[in-house]
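Got the structure open in your viewer? Let's walk through it one selection at a time.

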Amino acid sequence: MIVDDHPVVRDGLRGMFDHVADIEVVAEASDGFEALALARSARPHVVLMDLRMPGLDGVGAIQRLRAGHPEIKVVVLTTYDTDADVARAMAAGVAGYLLKDAPREELHRAVRTAAAGGAVLAPSVASALMSRPAAPEPSPRELEVLRLVARGSANKEIARTLLISETTVKTHLKHVFAKLGVESRAAAVVVAMERGLI
């Protein structure tokens, strides 16, 4: 499935797959909400997803797709390769990140690789990720706070349990969010569990 808010881009991408025997475009969507609706009926194996779209943007759509259809692989196809864009997409669980100037053969290879369970990155994105220093791990105290969050404790309860102020709890959570590259308590718990930190 191709998801992009520009009809010309969707047409161009469809044309790139028209004569490829083992790849079929089963649906096209112009925003994240349409993509979610079509995913139920079209059941694509791979989604080529733009990041910046009106309504529900690419990252929001990826998060919901991954939650509702974990079997669907998502490859970002965008013109943006800033650190923030890449980090948000990676945190959402994409199988790949390509730029729209990718040659036809690279797109074909990316779809096949994602469908087979592999990962694919544009060279510029791979270079940026490799040169980025590794993010520090949350401290033992920050993980203690996160474990209590995972149990459903509110900041006030966490503060009382650990004998610290609510402000300190909030500071610890802010640091955890930054270190794990997330923006919410739920996402922090999920990422920490996936990494075996809690």
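Start by selecting glutamate 106, and keep in mind that this is a predicted model. Glutamate 106 is buried, yet has no salt bridge. Look around for a partner and the nearest side chain of opposite charge turns out to be arginine 109, 5.0 Å away. A salt bridge here needs a side-chain nitrogen of Lys or Arg within 4 Å of a carboxyl oxygen of Asp or Glu, so at 5.0 Å arginine 109 doesn't make the cut. Glutamate 106 sits in helix H5. What does it touch, once you set aside its neighbours within four places in sequence? Show Leu98, Ala122 and Pro123, and you have its contacts.

**Along H5 to a salt bridge**

Stay on helix H5 and pick arginine 112. Its side chain meets that of aspartate 22 in a salt bridge, 2.7 Å from N to O. This pair links distant parts of the chain: arginine 112 belongs to helix H5, aspartate 22 to the loop between H1 and S2, and their positions lie 90 residues apart in sequence. Color by accessibility if you like: arginine 112 is partly exposed, with a relative accessible area of 38%, while aspartate 22 is exposed at 52%.

**The second largest pocket**

Now turn on the pocket surface and go to the second largest pocket. It holds about 300 Å³ of space. Which residues lie nearest its centre? Select Met1, Ile23, Glu24, Val46 and Val111; they are part of a lining of 18 residues. Helix H5 (104–115) shows up again here, since H5 and strand S3 (46–49) each supply at least two residues of that lining. By type, the lining divides into 13 nonpolar residues, one polar and four charged.

**More charged pairs**

How many salt bridges does a search of the whole structure find? Nine. For another of them, select arginine 14 and glutamate 28, whose side chains meet with N and O 2.4 Å apart. Arginine 14 lies in helix H1 (residues 7–17) and glutamate 28 in strand S2 (residues 28–29), so this bridge ties together parts 14 residues apart in sequence. Both ends count as partly exposed, arginine 14 at 30% relative accessibility and glutamate 28 at 22%.

Next, jump to arginine 141 and glutamate 144. They form a salt bridge too, with the closest N and O atoms 3.1 Å apart. Both residues are in helix H7 (residues 140–150), and because they are three residues apart, about one helical turn separates them. Arginine 141 is partly exposed, with a relative accessible area of 30%, and so is glutamate 144, at 32%. While you have charged side chains displayed, add Asp4, Asp50 and Lys100: salt bridges that share partners join them into one network.

**Around H7**

Back to H7, this time for its buried side. Select Glu142, Leu143, Val145, Leu146, Leu148 and Val149, the buried residues of this helix. What covers them? Show helix H8 (155–162), helix H9 (166–180) and helix H10 (185–194), which are included in that cover. Just after H7, click on glycine 152, which takes a positive phi of about 95 degrees.

From there, move to histidine 172 in helix H9. Is it buried or exposed? At 15% relative accessibility, histidine 172 counts as buried. Not counting residues up to four places away in sequence, histidine 172 touches Arg141, Glu142, Val145 and Ile164. You've already met arginine 141 as the partner of glutamate 144, and Glu142 and Val145 among the buried residues of H7.

**Two long measurements**

Try the distance tool from histidine 172 to alanine 116. The C-alpha atoms are 39 Å apart, with the two positions 56 residues apart in sequence. Then select methionine 90 in helix H4 (residues 83–92), which counts as partly exposed at 29% relative accessibility. From methionine 90 to serine 153 the C-alpha distance is 28 Å, for a sequence separation of 63 residues.

**Zoom out**

Finish with the whole chain in cartoon view. You should see 10 helices and six strands. The C-alpha atoms fill a box of roughly 65 × 35 × 30 Å along the principal axes. Of the 198 residues, 42% count as buried. Among contacts with a separation of 6 or more, 57% come from residues 24 or more positions apart.

Methods:
Residues are numbered from 1 along each chain as its sequence is written. This is a predicted model: local features need pLDDT of at least 70, side-chain atom pairs count only at pLDDT 80 or more; totals for chains, interfaces and linings use all residues. Side-chain values use heavy atoms; hydrogens and water are left out. On a 1 Å grid over the protein atoms alone, a cavity is a set of points where a 1.4 Å probe fits but cannot get out, and a pocket is an open set with protein on both sides within 12 Å along at least five of seven lines; lining residues have an atom within 4 Å of a point. Grid points are joined across faces, edges and corners, and a volume is the space filled by probe spheres set on the points. Helices (H or I, at least four residues) and strands (E, at least two) are DSSP runs, numbered from the N terminus. Ala, Val, Leu, Ile, Met, Phe, Trp, Tyr, Cys and Pro count as nonpolar, Asp, Glu, Lys and Arg as charged, and the others, Gly among them, as polar. Buried means under 20% relative accessible area, exposed over 50%, partly exposed in between (1.4 Å probe, protein chains only). Lys and Arg count as positive and Asp and Glu as negative; His and the chain ends are not counted. Contact means heavy atoms within 4.5 Å.
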